[in-house]
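User: I would like to learn how to read a protein model. Please take me through a few features one by one.

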Amino acid sequence: PPFVIDDGPGVGVRGTFPGEILVRYNVGDPWATTLAYSFADASPYAYSVSLTIDLFATQRLSILRNLGKGEVRGGVRYPEKRVDGNTVELSHLMLGNARQPDLPRAVFRRLMCDRITERQADDVFESVVRFNHSKFIDALRLLRKHDGPLVSVLEESAINQLDALSACVGAREL
């Protein structure tokens, strides 16, 4: 179960549990954990940074970083998808999953199947992955010019994010 943070001091968990209680900090990736909790975590997942891109001069894709939105269908977590004219907006987009590396691309294909071909979806997915890689490499290049405890945490988080981003191979049928 997730943490519950009430107005009062402290963090808790609601419910009755036999034995040990294990709780996830969030459903996020290494970067989200660092920004929320100020420590580096090696999460198996990587989500896209926020971005908006044109798709083949006829449509637009907007990816947000609202990791709390979406739904689970058939054991697969999908982002919330909104369509407004020629713009598709996704609440988030998983790009890497160390536990199921064939899932992120498959989810994206499924989300976009009514808008673009599978090959086009793969091209767009690869472009989004490459954009994300470049952002975290740029961050590492900037951070290496500085030092201190916060810089070390940010560097480790960026490395963990890049590692999780690399966990995308193939695509399953959904």
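User: How much surface does the protein chain expose, and what share of it do carbon and sulfur atoms supply?

Analyst: Accessible areas come from the Shrake-Rupley method with a 1.4 Å probe. The protein chain exposes about 10200 Å², and 52% of that is supplied by carbon and sulfur atoms. This is a predicted model, where local features need pLDDT of at least 70, side-chain atom pairs count only at pLDDT 80 or more, and totals for chains, interfaces and linings use all residues. Residues are numbered from 1 along each chain as its sequence is written, and side-chain values use heavy atoms, with hydrogens and water left out.

User: What percentage of the residues count as buried?

Analyst: Buried means under 20% relative accessible area (1.4 Å probe, protein chains only). Of 174 residues in the protein chain, 37% are buried.

User: How many helices and strands are there?

Analyst: Helices (H or I, at least four residues) and strands (E, at least two) are DSSP runs, numbered from the N terminus. The protein chain has 4 helices and 8 strands.

User: What is the strand order in the open sheet?

Analyst: Two strands pair if DSSP finds at least two bridges between them. The open sheet of 4 strands has the order 2-3-7-6, and its pairing is mixed. Strand 2 (51-55) and strand 6 (81-84) are the edge strands, each pairing on one side only.

User: In which sense do strand 6 and strand 7 pair?

Analyst: Strand 6 and strand 7 (residues 87-90) are antiparallel, over 4 bridges. R82 stands opposite E89 in strand 7.

Definitions and conventions:
Buried < 20%, exposed > 50% of the residue type's maximum accessible area, 1.4 Å probe, protein only.
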